[in-house]
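Here are my notes on the model you sent over. I've kept them as numbered points so you can follow along in your viewer.

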Amino acid sequence: MFDRGAVLSQLPQEAAITSTVATKHYGVSARAPYDPIVDAGQPTTLNKYTGKTRVEKMTWYINRGEDMHRDQKIMFPFKRSLAHDYPPTKLVFEDELLECSLDQAVKWPKKGVTSVNCTLTADLRGVDKKHFHSKISTVDGTPYWDVHYDLVVSMKTAIMKFSLEVEGEEMGSIEARYE
């Protein structure tokens, strides 16, 4: 026979929530190499430094139905190209965290299907230029910079944060909405 008081005293006094199930997809849109089979019919752009055809594609951090665990950090690498003689204001980056409520996440951003959850502004003017990669355009031979960075979605307690990091250092963040 158990002593009920002894058993109850060993139980935690409050429940701890360790994850939440995502009711939407959360991700970003970025230019990716164009695949004429997969991307047929999608609008394209020409990269002025490489001459390669690009298409806007989604990178999903969290998919609908996934467990969004506390203390989770999801990061994807990105790069942005800048003219070699860029003005300092070009180092203030804006990136949007998009969301989609469909059961299946879309491959390309689409008005009315993907919507902006939040807009992140990150100031990279204080970043040491050693983190920038000097390149030469294959189109016209002009020099330019590739700026490499990570876009991060992290979960803490009941907060989802969207941030930009360079070499692990956070350059800007914003609290995202999630349901």
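1. Let's start at the far end of the chain: which residue of β12 is the bridge partner of S163? It's S173. Keep in mind throughout that this is a predicted model.

2. That pair belongs to a longer ladder. β11 and β12 (residues 169–176) run antiparallel and are joined by 7 bridges. The hairpin they form has 2 residues between the strands, and E167 takes a positive phi there, near 50 degrees.

3. On its other side of the sequence, β11 pairs with β10, again in the antiparallel sense and over 7 bridges. If you want a landmark in this pairing, look for M155, which stands opposite M160 in β11. The hairpin of β10 and β11 also has 2 residues between the strands, and here T157 is the one with a positive phi, near 45 degrees.

4. So how covered is β11 itself, mostly or hardly? Mostly: of the 8 residues in this strand (159–166), 6 are buried.

5. Zooming out, the protein chain has 1 helix and 12 strands. Reading along the sequence, you get the helix and then a run of strands, in the pattern α-β-β-β-β-β-β-β-β-β-β-β-β. Of the 179 residues in the chain, 35% are buried. As for contacts between residues at least 6 apart in sequence, 66% of them join residues at least 24 apart.

6. Now the part you'll probably want to poke at: the largest pocket. Its volume comes to about 1,100 Å³. The lining has 36 residues, and the ones closest to the pocket centre are R31, E56, K79, R80 and S81.

7. Which strands supply the lining? At least two residues each come from β2 (25–33), β3 (44–46), β4 (53–62), β6 (73–83), β7 (92–100), β8 (114–123) and β10 (143–156). The most comes from β6, which gives 7 residues. Sorted by class, the lining of this pocket has 16 nonpolar, 12 charged and 8 polar residues.

8. A serine in a loop deserves a look too. S137 sits between β9 (132–136) and β10. Why does S137 count as buried? Its relative accessibility is 4%, and buried means under 20%. A polar atom of the S137 side chain lies 2.8 Å from the backbone oxygen of Y49. Leaving out neighbours within four places in sequence, S137 is in contact with K48, Y49, T142 and Y144.

9. Compare that with another loop residue, E66, found between β4 and β5 (67–69). E66 counts as partly exposed because its relative accessibility is 31%, which falls between the 20% limit for buried and the 50% limit for exposed. With neighbours within four places in sequence set aside, its contacts are T20, V21, A22 and Y61.

10. One last pair to check in the viewer: E66 and K24. They are 42 residues apart along the chain, and their C-alpha atoms are separated by 9.2 Å.

How values were computed. Residues are numbered from 1 along each chain as its sequence is written. This is a predicted model: local features need pLDDT of at least 70, side-chain atom pairs count only at pLDDT 80 or more; totals for chains, interfaces and linings use all residues. Side-chain values use heavy atoms; hydrogens and water are left out. On a 1 Å grid over the protein atoms alone, a cavity is a set of points where a 1.4 Å probe fits but cannot get out, and a pocket is an open set with protein on both sides within 12 Å along at least five of seven lines; lining residues have an atom within 4 Å of a point. Grid points are joined across faces, edges and corners, and a volume is the space filled by probe spheres set on the points. Helices (H or I, at least four residues) and strands (E, at least two) are DSSP runs, numbered from the N terminus. Ala, Val, Leu, Ile, Met, Phe, Trp, Tyr, Cys and Pro count as nonpolar, Asp, Glu, Lys and Arg as charged, and the others, Gly among them, as polar. Buried means under 20% relative accessible area, exposed over 50%, partly exposed in between (1.4 Å probe, protein chains only). Contact means heavy atoms within 4.5 Å. A polar contact is a pair of N or O atoms within 3.5 Å; within protein, one must be able to donate a hydrogen and the other to accept it, and residues adjacent in sequence count only if both atoms are side-chain atoms. Two strands pair if DSSP finds at least two bridges between them.
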